[in-house]
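Below are some notes on the fold, written for a colleague who will check them against the coordinates. Please read them with the model open.

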Amino acid sequence: MDEVTRGARCLVLCPDIRTLSYDLDAKDRLAEAEGLALAIGVIIAHSTILPVRQMQPNTLFGSGQVTNIATLCEQHECELVIVDGALSPIQQRNLEDRLKRKVIDRTGLILEIFGERAATAEGRLQVELAHLDYQQSRLVRSWTHLERQRGGFGFLGGPGETQIEADRRMIRQRMGRLRRELEQVRKTRQLHRARRGRAPWPVIALVGYTNAGKSTLFNYLTGADVMAEDLLFATLDPTMRAVSLPGVEKAILSDTVGFISDLPTQLVAAFRATLEEVTGADIICHVRDMANPAHAAQKKQVVEILAELGVVDAETGHSDIPILEIWNKADLLDDDRAAELLEAAVGQDAVVVSALSGGGLEQFESRIAEILTEKASEVTVTLPVADGRRIAWLHAHGEVIADEDAGEGEKGPLRRMIVRLNPKEMGQYTTL
């Protein structure tokens with residue numbers, strides 16, 4: 001975000017277009033737009049919902065509405081106008097000309113947030129690619145003096161390459177380089193996932209709508225200090241930490257970027273490498289903000305993105321990876337509503353928690369451990385006492401039910417062990 005915009009007074013507009021259908025109602029969409037605006041550090045001077053009967057191709061809003069918007073900007077001394085919707089390059093330019101102020105749409109706003117928050121080299125690559133993809137369609141011809149030398153021979157040649165064409169060519173070249181670098185990142189991530197797949201530790205991925213409390217839950221369980229604030233997109237880059245669970249010596253907990261409705265298509269593609277961490281998880285924990293009135297619509301958005309990633313079947317809703325719902329922010333609910341949730345969670349695969357206070361997290365950990373060990377089966381293993389490496393491995397990674405003498409063998413005394421191992425652990429044991 002440039003210095004002119006950060007800290008600026010802004011007007012937030014939520015177009016309610018009659019011909020479009022929305023998952024969230026207008027009030028919830030306006031609240032979300034305000035949250036996005038606050039996430040880039042601007043001051044919301046005024047916000048409003050604008051009904052749009054028919055979209056105008058040149059400005060989106062009708063001429064009377066544009067005049068009213070200009071009046072609101074004057075009344076509230078706004079330097080910036082944020083439109084919670086997609087604006088075409090022409091609409092954005094025309095609105096800026098009419099309002100004499102900087103105008104950004106929802107895509108541009110989210111890109112600004114992502115650009116400010118990306119912490120890792122991979123995150124910055126993804127943001128730059130998405131920003132260039134968005135920006136290349138917004139290069140408009142404004143100055144004829146930016147034309148290069150005339151082309152052709154004599155006086156018959158037309159103008160040569162314009163500055164805009166040169167900029168577009170440079171953007172395409174830069175995007176090509178970024179895509180190659182991100183492809184390399186994707187391959188590196190695949191190698192890391194394959195290495196973790198050979199490791200004995202299961203991976204638990206936290207997913208959910210932005211600001212659902214994933215990072216707060218992550219910090220509570222792992223003792224980490226990942227940024228966790230009442231702010232949209234507080235976490236962008238995936239973070240992993242080891243945790244211990246009842247009956248599970250070690251597991252890897254992964255915190256991922258939050259989802260949001262109408263995520264710009266550029267970002268869905270650019271952040272696919274980050275979200276691919278979810279596809280390699282042993283369990284997906286869908287963290288939901290049950291204090292938010294729009295939690296059902298938010299769940300729908302998350303499931304749709306999981307379907308895009310191939311984790312969930314779009315038609316049946318079935319997933320090969322177990323999905324456990326974490327109904328978070330119970331501390332913000334009144335006693336009656338909290339009691340209703342606790343009763344409803346019994347009939348569904350869900351756990352009611354408060355990541356902030358720690359309420360319900362013991363039940364959450366126990367449920368995770370149950371899922372991880374429910375496919376485990378008992379195996380009987382007879383080993384020489386001298387084979388300390390395998391005996392120690394079984395004690396560390398399995399649940400040893402019995403460990404007794406088994407007489408003498410060719411290589412000395414034997415031990416007979418009955419151990420519970422899940423299929424993944426059994427496969428790892430056979431490779432020792």
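1. Which strands does helix α1 lie across, and at about what angle to β1 does it run? Helix α1 (residues 26-39) lies across β1, β2 and β3 (80-83), running at about 150 degrees to β1. Helices (H or I, at least four residues) and strands (E, at least two) are DSSP runs, numbered from the N terminus; axes are lines fitted to C-alpha atoms, for helices over the stretch in contact, with angles from 0 to 180 degrees between N-to-C directions. Helix α3 (residues 89-99) also packs on the sheet, where it touches β3 and β4 and makes about 150 degrees with the direction of β4; contact here means heavy atoms within 4.5 Å.

2. On provenance, this is a predicted model, in which local features need pLDDT of at least 70 and side-chain atom pairs count only at pLDDT 80 or more, while totals for chains, interfaces and linings use all residues. Residues are numbered from 1 along each chain as its sequence is written, and side-chain values use heavy atoms, with hydrogens and water left out.

3. The sheet beneath these helices deserves its own description. It is an open sheet of four strands in the order β2-β1-β3-β4, with parallel pairing, where two strands pair if DSSP finds at least two bridges between them. The edge strands are β2 (43-52) and β4 (102-105), each pairing on one side only, and the twist averages 20 degrees from one strand to the next. Strand β1 (residues 9-17) is joined to β2 by nine bridges, and Pro15 stands opposite Leu50 in β2.

4. Helix α7 (residues 214-222) and helix α12 (residues 361-373) have axes that come within 12 Å and cross at roughly 80 degrees; α7 and α12 are therefore roughly perpendicular to each other, a label that covers 65 to 115 degrees. Leu217, Tyr220 and Leu221 of α7 meet Leu361, Phe364 and Glu365 of α12.

5. A second open sheet has three strands in the order β11-β13-β12, with antiparallel pairing. Because β11 (377-384) and β12 (399-409) stand at the edges with a single partner strand each, one side of each is left without a neighbour in the sheet. Eight bridges join β12 to strand β13 (residues 412-421), with Arg416 in β13 as the bridge partner of Glu404. Helix α13 (residues 388-397) lies across β11, β12 and β13, at about 25 degrees to β13, whereas helix α14 (residues 423-430) touches β11 and β13 and makes about 155 degrees with the direction of β13.

Note on methods: Parallel < 35°, antiparallel > 145°, perpendicular 65-115°, else oblique.
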